[in-house]
There are 2 protein chains.
Amino acid sequence: MKNIAILGFGTVGSGVAKVLTENRAEVAAGAGEEVCLKYIVDVRDFPDSPFAPLLVKDFALVEQDPEVSVVVETIGGCGVALDFTRRALKAGKHAVTSNKQLVAEHGVELLALAKGKGVNYFFEASVGGGIPLLRPLFNDLSANKILSMKGILNGTTNYILTAMDRSGMELEAALKEAQRLGYAELNPDSDLDGTDAVRKTCILADLAWGRELKPERVSVEGIRNVALKDIRNASAAGGSIKLLCRLLRGEDGLCYAWVAPHFVPAESMLSGVNEAFNALIITGNMVGDTMFYGAGAGSLPTASAVVGDVIDAVRHASSPRGIGWTGEDLPLGDPEELSSRWYIRNGDTWSLTDALPAAKVPAAEAKYRVLD
Amino acid sequence: MKNIAILGFGTVGSGVAKVLTENRAEVAAGAGEEVCLKYIVDVRDFPDSPFAPLLVKDFALVEQDPEVSVVVETIGGCGVALDFTRRALKAGKHAVTSNKQLVAEHGVELLALAKGKGVNYFFEASVGGGIPLLRPLFNDLSANKILSMKGILNGTTNYILTAMDRSGMELEAALKEAQRLGYAELNPDSDLDGTDAVRKTCILADLAWGRELKPERVSVEGIRNVALKDIRNASAAGGSIKLLCRLLRGEDGLCYAWVAPHFVPAESMLSGVNEAFNALIITGNMVGDTMFYGAGAGSLPTASAVVGDVIDAVRHASSPRGIGWTGEDLPLGDPEELSSRWYIRNGDTWSLTDALPAAKVPAAEAKYRVLD
């Protein structure tokens, strides 16, 4: 039997508690032994929760309990979450997280710490929520040179863009609806500005190419300027406007990374990815295109991925996986130099250009790359 | 360094040799050590192949060579392939295969043999070719109860159905074109009759539910009776006719397994899966729907999955994964009793019924379940 502790009893943390309880038999079968939830660490009180007896306020209890083998961090951010993760790894505990910011900004340090201690640090849920993405990338597709990745990895903005299309709302109204329904947070900046998508882009690049891509090096344009008009134009052509994460490896060895709204033609499998769903197309030099699709957020889907990591950590407790990347900067090219067709609009008139680098695209009220 | 041998130098076997050679650095990075191709066993001569120096005719050379750690079986069928796999496992070598027939019919025995010898027996490429499917199912999604799976897992029939739609050909003509282009074999029976799809359905059920589903227990209807008319009708409604593998777990604990042409509405992500591509939707009780899409066949995509397994086998050489299922029969219900809407056609008139079990569907020249 292995004991685990959850740090942070919010949306994801409470989902993890639920998955461990309701799917106890599946978890034990996967892990090869029982997985028992011993503590939940949160500064808040949850007197009405069935998990109330497990709640503690002091992380030191977990840190100092040799019976706790795996720590699940679902606090978010890089403050307490970083401190607790460091301390858990230093105490020789495996760590699992859904915290994309922590992995994108401190992955090199935390993975090195895990390696030094002979434990696992897993973060499948940090990109694509419940969709198996990272393990397929570094495991199933490991016989490939990864040539490119492109995907919809922010459910909030995809929900907003879908709602604008379906209900004929401008962005502000769609955002309000998304907030009301719980698809967007009260402070939606990191979603709307593309920051969240950038973090996920970085984690994918780190794993695929083995060097670090720091978030501040990724070109980013959020969705704040996407007008209903543009969505209607794309829709009339059978396609859609989607916020895409793009990663390419050029033949010169340079990588290109950017996040921006794109005009996605009907032929692309990504054009049918709607609402809060996520999808990623990974292109390998042997396998060609593979696509992974599913729920990119939400309590239980995200918890499914977190608990999958817990199971893997338990099963490989004595032979950690040793994933990781170096702290050396990934060599980057300027995506502005990459040619593609562009959607351009002035007033009510729109068209698609021939393949052009960004600097040659005519001035326009709206311009978005066409996904090829 | 680990040495490996390929058994069978056909489409997949030669792809494996190519991946190991061209992506040598990626393979070594994934495996944590060099992976060296030492033998290729085939009764045929390949004097012009760059791999000619590695070709041997006698499997006993591989069997008796203690330097060979992993054997890749790409012979196909259950004759020599079964004999060689048994002998390789008995000799303490890890085995990897793309042979769905062997796994579906003899998986219980071969996995038990591997377990007894403390080695891995992997077969990711046997379902969905290059698409990561099996490892996500038993690994990433292991925190879930698997509720259902539905997918397009035979590229040949999907190519034929797509060609009929796009070129307005009847099945016979589309089959001839598929044969000319290498998408169908000269003897296409196992594809057209659904036998190949049944084998893949069995492997998915075995892994998801831990008991054996023998191929002869799966209800099957191939595509031989699908008329251009039906495809055109589906297409006019925005959907398509697809040969689907279906697996469901009822609340009574009974499972339902069948392979048949379906009317797939436009809203389903499966309706956009065309040509020789494959896709599978796995539904877990926590993650909801996840879809996996990509090249379901072909030399290099299939080899990508095979070499991914080789890498995993090498990395876990000292701690085999212990996947498997018991020889006990999976408890099955009769899919005829499951209600769904149906597409029915008589002459040129077609319609969709309300939800009905099979016995209540009116007599018709063509009737296919509607995917819900």
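Select A:Met291 in strand 12 of chain A and look across to chain B: the bridge partner of A:Met291 is B:Tyr293, in strand 12 of chain B. This is a predicted model. Widen the selection to residues 288–295 of chain A and to strand 12 of chain B; the two strands pair in the antiparallel sense, over 4 bridges.

**The axis**

Show both chains in full. Chain B is superposed on chain A by a rotation of 180 degrees, with 0.0 Å of shift along the axis and an RMSD of 0.0 Å. The two copies are thus related as by a two-fold rotation axis. To place that axis in the view, pick B:Phe292: in chain B, its C-alpha is the one nearest the axis, at 2.4 Å.

**The interface**

Next, select the residues of each chain that touch the other. There are 41 in chain B, in contact with 41 in chain A. In chain B, at least two residues of this side come from each of helix 2 (24–31), helix 6 (134–140), strand 12 (288–295) and helix 12 (299–315). Which element of chain B gives the most to the side that touches chain A? Helix 12 of chain B does, with 9 residues. Colour the side of chain B that touches chain A by residue class, and 20 nonpolar, 14 polar and 7 charged residues appear. Of the interface residues of chain B, 100% are also interface residues in chain A, so the copies meet through the same surface.

**Helix 2 and helix 12 within chain A**

Stay with chain A and select residues 24–31 (helix 2) and 299–315 (helix 12). The axes of these two helices come within 8 Å and cross at roughly 35 degrees. The crossing of helix 2 and helix 12 of chain A is right-handed. On the helix 2 side, show A:Val27, A:Gly30 and A:Ala31; facing them in the contact, from helix 12, are A:Val307, A:Ile311, A:Val314 and A:Arg315. By class, this contact of helix 2 with helix 12 in chain A has 5 nonpolar, 1 polar and 1 charged residues.

**The six-stranded sheet**

Now move to the open sheet of chain A, where 6 strands with parallel pairing follow the order 3-2-1-4-5-6. Strand 3 (55–56) and strand 6 (121–122) of chain A stand at the edges with a single partner strand each, so one side of each is left without a neighbour in the sheet. Inside the strand order, select residues 68–73 (strand 4) and 94–97 (strand 5) of chain A: these run parallel and are joined by 4 bridges. One pair to label is A:Glu73 with its bridge partner in strand 5, A:Thr97. Then add residues 11–22 of chain A, helix 1, which packs on the sheet and touches strand 1 (2–7), strand 2 (35–41) and strand 4. The direction of helix 1 makes about 155 degrees with that of strand 2 of chain A.

**Helix 4 and helix 5**

For the last stop, select residues 80–90 (helix 4) and 100–117 (helix 5) of chain A. Their axes come within 9 Å and cross at roughly 15 degrees. Helix 4 and helix 5 of chain A are therefore roughly parallel to each other. Helix 4 of chain A passes helix 5 of chain A in a right-handed crossing. Display the side chains of the contact: helix 4 brings A:Ala81, A:Leu82, A:Thr85, A:Arg86, A:Leu89 and A:Lys90, and helix 5 brings A:Leu102, A:His106, A:Leu110, A:Leu113, A:Ala114 and A:Lys117. This contact of helix 4 with helix 5 in chain A divides into 7 nonpolar, 2 polar and 3 charged residues.

Definitions and conventions. Residues are numbered from 1 along each chain as its sequence is written. Chains are lettered from A and ligands numbered from 1 in the order in which they are written. This is a predicted model: local features need pLDDT of at least 70, side-chain atom pairs count only at pLDDT 80 or more; totals for chains, interfaces and linings use all residues. Copies are superposed by least squares on the C-alpha atoms of residues with pLDDT of at least 70 in both. Two residues are in contact if their C-beta atoms, placed from the backbone, lie within 7 Å. Axes are lines fitted to C-alpha atoms, for helices over the stretch in contact, and angles run from 0 to 180 degrees between N-to-C directions. Angles under 35 degrees count as roughly parallel, over 145 as roughly antiparallel, 65 to 115 as roughly perpendicular and the rest as oblique. A crossing is left-handed if the near helix is turned anticlockwise from the far one by less than a right angle, and right-handed if clockwise. Ala, Val, Leu, Ile, Met, Phe, Trp, Tyr, Cys and Pro count as nonpolar, Asp, Glu, Lys and Arg as charged, and the others, Gly among them, as polar. Two strands pair if DSSP finds at least two bridges between them.
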